[in-house]
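Here's a quick tour of a few buried spots and ring pairs. Have the viewer open as you read.

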Amino acid sequence: MFRENEEKEVENMKPVSFYLVTDTHYYENSLGVEGKAYYQHMKGEQYFLRESSAIVSTTFERIAQDKDTDIVIIPGDLTKNGEVESHKSFIKELYKLRESGKKIFVITAGHDYGNSFAFRNDEKIEVEGASFDALTEMYKDFGYGCALSIDEPTHSYVAEITDGIRMLGICCDSFNQPKGAMDERHMAWAKEQLDKAKEDNCSVFAICHYPIIPSVPAFDLVGDAKIKDWRKVASFLADNGVELVLTGHMHIQSINEFYSEKGNRLIDICTSCLVGSPAKYRKITVDENS
């Protein structure tokens, strides 16, 4: 694991600069931020619900002020638990950020669909949640609509974020494969995209909600602390021209590297939850040297 601000030589990517924000866990406050059930829930919560909308809004306002960097990447867990109302409000924030001239690319993860809830009259109640199938349409203006290819079963996609640089968005939370995994069919689709990028003389980096490399060695023993069969996935990416992957999920900061048996390297930059503690986001610049 490397120090937080340590530079690493990156050999294969063309120059680019972008913002990385992850685990926004946006929660629409009209769903309830008072009462016994809410406060009981917050005793075990890892991040701020009531404050999440304000944190997201303030962060996006700061990013909008940077006129030199026009790319923003958000790798999953966009909402608290997939509430339709939370998605609607978060998407409004994305549109405001886009109006400042930013190109925004998101992927979704397990907290973006499924069992959604709210707090009413001291009780925790179920509310309408987004369906998995609806997510690509909901976020069509934030990556999916300009995708060069979408893997429909998983909602993974590849997009050219700027001239000569493509982003492989790896989604590992769907009904169509084991949670937190990248199966053989999924990797075959990714291999086609990486081969096409080589043919087109494009650099490629990846994003994935789950860390590809465990952030600390002990996390090798924790089931969802990294992608399943992580050495196989890391080797696959490294051996197919991906040297950099940007991840989240674990709500911590880390930078790790892995070498495949063929000697190819993968660097995994894991970024903390925006609405937790420590509340972090990154500005990343890749040039010819680092």
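A charge counts as sitting over a ring if NZ of Lys or CZ of Arg is within 6 Å of the ring centre and within 35 degrees of the ring normal. In this predicted model, K124 does that to F117, lying over its face at 4.0 Å from the ring centre.

**Aromatic rings**
- There are 13 aromatic pairs in the structure. One of them is F117 with F119: the centres are 5.7 Å apart and the planes sit at 80 degrees, so call it edge-to-face.
- Both rings are tucked away, with F117 buried at 10% relative accessible area and F119 buried at 3%.
- Y144 and Y157 make a tilted pair, with centres 4.5 Å apart and planes at 50 degrees. Y144 is in the loop between α4 and β6 while Y157 is in strand β7, so the pair ties together parts 13 residues apart in sequence.
- Y144 is buried at 5% relative accessibility, and Y157 is buried at 0%.
- F117 and F119 also join Y38 and Y39 in one aromatic cluster.

**Around K80**
- K80 sits in the loop between β2 and α3, and at 5% relative accessibility it's buried.
- Its side chain makes a polar contact of 3.2 Å with the side chain of Y47.
- K80 touches several residues further off in sequence, including H25, E45, H111 and F117.

**Around D112**
- D112 is in the loop between β3 and β4 and is buried, with 0% relative accessible area.
- The D112 side chain reaches the backbone nitrogen of L78 at 2.7 Å.
- The C-alpha atoms of D112 and K80 are 7.3 Å apart, though 32 residues separate them along the chain.

Technical notes: Residues are numbered from 1 along each chain as its sequence is written. This is a predicted model: local features need pLDDT of at least 70, side-chain atom pairs count only at pLDDT 80 or more; totals for chains, interfaces and linings use all residues. Side-chain values use heavy atoms; hydrogens and water are left out. Helices (H or I, at least four residues) and strands (E, at least two) are DSSP runs, numbered from the N terminus. Buried means under 20% relative accessible area, exposed over 50%, partly exposed in between (1.4 Å probe, protein chains only). A polar contact is a pair of N or O atoms within 3.5 Å; within protein, one must be able to donate a hydrogen and the other to accept it, and residues adjacent in sequence count only if both atoms are side-chain atoms. Contact means heavy atoms within 4.5 Å. Rings of Phe, Tyr and Trp (its six-membered ring) pair if their centres lie within 6.5 Å; planes under 30 degrees apart count as stacked, over 60 as edge-to-face and the rest as tilted. Lists of a residue's contacts leave out its neighbours within four places in sequence.
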